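Please take a look at the model below. This report covers one helix and the charged pairs around it.

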Amino acid sequence: FRGKVTNYVVHGFDDVVIFVHDVEQCLKRLDSDAWQIIERIGLQEYTLEETAAMMGLPLWTVNRRYGDALDVVTGIFLERKMLEPLILCQEAENAKKAISH
């Protein structure tokens with residue numbers, strides 16, 4: 001999913017409150033390891049190296065788990081319609097060709 005979704009548009013304070021609540025509900029669906037990695041890297045802005053040291057894991061494991069966790073969160077956001085998938089130009093062209101045949 002990475003890099004193939006639209007962003008979420010916020011127009012006012014009420015939208016921010018709703019968005020934060022929705023994100024919180026999505027993050028609650030993660031397992032504890034995925035949540036911990038998202039929290040440290042994505043929210044608290046620790047580096048991959050710092051997170052690996054804090055969790056006692058090899059760097060490559062944290063890197064892989066972070067990517068996997070981002071994919072899971074993206075999937076949840078797509079499922080809840082908080083994000084919309086982007087159709088790349090080539091994908092759109094291929095879809096048109098498939099429909100016309």
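Is Asp68 buried, partly exposed or exposed? Asp68 is partly exposed, with a relative accessible area of 38%. Keep in mind that this is a predicted model.

**The helix**

Asp68 lies in helix H4. This helix runs over residues 59–79, which makes 21 residues. At 1.5 Å a residue, H4 should span 30 Å. Its end C-alpha atoms are 30 Å apart, so the expected span and the model agree.

Which residues of H4 are buried? They are Thr61, Val62, Tyr66, Gly67, Ala69, Asp71, Val73, Thr74, Ile76, Phe77 and Leu78. Their cover includes three other helices: H1 (13–27), H2 (32–43) and H3 (48–55). Past the end of H4 comes Lys81, with a positive phi near 65°.

**The salt bridges**

Side chains of opposite charge can pair when their charged atoms come close. How many salt bridges does the structure hold? It holds three. The table gives each pair with its N to O distance.

| Pair | N to O distance | Location |
|---|---|---|
| Arg64 and Asp68 | 3.8 Å | both in helix H4 |
| Glu79 and Arg29 | 3.0 Å | helix H4; loop between H1 and H2 |
| Arg80 and Asp22 | 3.9 Å | loop between H4 and H5; helix H1 |

Take Arg64 and Asp68 to begin with. They sit four residues apart in H4, about one turn of the helix. An α-helix has 3.6 residues a turn, so residues three or four places apart point the same way. Arg64 is partly exposed, at 41% relative accessible area.

Next, Glu79 and Arg29. Their side chains meet at 3.0 Å, N to O. Glu79 belongs to helix H4 and Arg29 to the loop between H1 and H2, so this salt bridge ties together parts that are 50 residues apart in sequence. Glu79 counts as exposed, at 51% relative accessibility. The cut-off for exposed is over 50%. Arg29 is partly exposed, with a relative accessible area of 45%.

That leaves Arg80 and Asp22. Their side chains form a salt bridge at 3.9 Å, N to O. Arg80 is in the loop between H4 and helix H5 (89–100), while Asp22 is in H1, so the pair links parts that are 58 residues apart in sequence. Is Asp22 buried or exposed? Asp22 is buried, with a relative accessible area of 17%. Its partner Arg80 is partly exposed, at 35%.

Definitions and conventions:
Residues numbered from 1 in each chain as written. Predicted model: local features only at pLDDT ≥ 70, side-chain atom pairs only at ≥ 80, totals over all residues. Heavy atoms only, no water. Helix = DSSP H or I, 4+ residues; strand = E, 2+ residues; numbered from the N terminus. Expected span 1.5 Å × (residues − 1). Buried < 20%, exposed > 50% of the residue type's maximum accessible area, 1.4 Å probe, protein only. Contact = heavy atoms within 4.5 Å. Salt bridge = Lys/Arg side-chain N within 4 Å of Asp/Glu carboxyl O.
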